[in-house]
Amino acid sequence: MGVANPVERITTIPPSGLPLVRQLEAIGARSWPANSTRFDGAWATRLTASHPSKRLNCVTPLDRVDLGDTDKRMAMIERRFESFGRPLTFRLSPLASPELEQRLDAEGWRIFDTTDVMMMNLAQADLSAAMPQVPLADGGKWIDQSIAMGGIDRATKPGVAELLARIRGQYGLFLTEGADGTPLAAALAVRLGALVGIFQMLSNPAARRAGHARQILRSALLWGQQMGASRAWLQVTVENDAAQALYRSAGFHPVYRYDYRQKPDVGNGHD
């Protein structure tokens with residue numbers, strides 16, 4: 001899937017659409033919380049020493065008109081990233097200034113990941129085939145089985161456990177296993193108000209195309225609906241064709257995109 005010019009993607013989101021973007025950005029930060037968040041004006045700097053995820057280690061501008069003292073702010077923030085052993089990473093959504101995008105373009109900052117934010121109305125979702133599932137109470141088991149499926153790096157296990165403890169909402173851990181205990185699929189759902197977010201959707205590479213991911217997605221959505229959510233949302237990279245197809249067929253539709261950008265001499269970050 002091709003990636004459109006970043007400035008064009010920002011300017012095609014009308015001002016009337018920005019409140020929803022702000023809402024999802026705020027909920028996303030609370031659902032997948034960094035260990036440390038600092039604000040410099042409307043730039044949110046998220047850093048997490050215990051986990052390398054780019055979502056937990058990035059600068060997210062949250063206002064299109066906040067572009068003052070850019071040189072000074074970037075230098076100060078970069079020093080803070082260096083103190084955490086992290087490369088300076090910008091996460092640019094439609095809330096970012098087009099002028100900032102243009103500056104990063106001119107300086108050669110590369111886009112190394114583009115993500116779609118998608119939503120669906122749960123009242124219109126077909127959950128008739130969903131299997132009610134009580135969320136797993138054993139977070140350690142959920143992490144271990146996610147590691148077994150290759151969805152979580154074993155070295156980040158302590159960081160994932162800390163992340164779950166920081167979630168500012170009602171969350172459910174979902175896990176599907178075979179008769180022998182082999183993990184087949186896993187998901188994390190976080191409900192905040194009328195929205196339920198789907199995170200860490202995983203399926204066992206050895207058991208794909210058997211419907212396990214679709215079934216656990218339905219179970220997580222049903223749980224969210226039962227907990228009072230009326231809409232669901234998630235984030236998926238534009239290059240993940242299989243996940244894109246699954247979510248679109250389930251009823252999700254794109255709302256906006258965001259990019260991760262780093263200097264050209266920096267390697268890619270983790271999810």
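**Exercise 1. Classify W223 as buried or exposed, then find its ring partner.**

Step 1. W223 has 6% relative accessibility and therefore counts as buried; buried means under 20% relative accessible area, exposed over 50% and partly exposed in between, with a 1.4 Å probe and protein chains only. This is a predicted model, in which local features need pLDDT of at least 70 and side-chain atom pairs count only at pLDDT 80 or more, while totals for chains, interfaces and linings use all residues. Residues are numbered from 1 along each chain as its sequence is written, and side-chain values use heavy atoms, with hydrogens and water left out.

Step 2. F90 and W109 are both buried, and a further aromatic pair is formed by F174 and W223: it is edge-to-face, with 5.8 Å centre to centre and 70° between the planes. Rings of Phe, Tyr and Trp (its six-membered ring) pair if their centres lie within 6.5 Å; planes under 30 degrees apart are stacked, over 60 edge-to-face, and the rest tilted.

Step 3. This pair links distant parts of the chain, with F174 in strand 6 (residues 170-177) and W223 in helix 7 (residues 212-226), 49 residues apart. Helices (H or I, at least four residues) and strands (E, at least two) are DSSP runs, numbered from the N terminus.

Step 4. F174 is at 0% relative accessibility, so it counts as buried.

**Exercise 2. How many aromatic pairs does the structure hold, and what does the one between F90 and W109 look like?**

Step 1. The count is eight aromatic pairs.

Step 2. F90 and W109 meet edge-to-face, 5.5 Å centre to centre and with 70° between the planes.

Step 3. F90 belongs to strand 4 (residues 90-92) and W109 to the loop between helix 4 (98-106) and strand 5 (110-121), so their pair ties together parts 19 residues apart in sequence.

Step 4. Take one cluster as well: W32, F199 and W233 form it together.

**Exercise 3. Which residues does V190 touch, not counting those up to four places away in sequence?**

Step 1. Locate V190 first: it is found in strand 7 (residues 183-192).

Step 2. Its relative accessibility is 1%, so V190 counts as buried.

Step 3. With contact meaning heavy atoms within 4.5 Å, V190 touches S31, I167, Q170, Y171, L195, V196, G197 and F199.

**Exercise 4. Where in the chain do the partners of the salt bridge between K263 and E78 lie?**

Step 1. The whole structure has 13 salt bridges, each a side-chain nitrogen of Lys or Arg within 4 Å of a carboxyl oxygen of Asp or Glu.

Step 2. In the bridge of K263 with E78, the closest N and O atoms are 2.9 Å apart. K263 lies in the segment after strand 10 (253-262) and E78 in helix 3 (residues 70-83), 185 residues apart.

Step 3. Check the accessibility: K263, at 29%, counts as partly exposed, and E78 is partly exposed with a relative accessible area of 22%.

Step 4. Now try R257 and D116, whose side chains meet in a salt bridge of 2.6 Å, N to O. R257 lies in strand 10 and D116 in strand 5, so this pair ties together parts 141 residues apart in sequence. Both R257 and D116 are buried.
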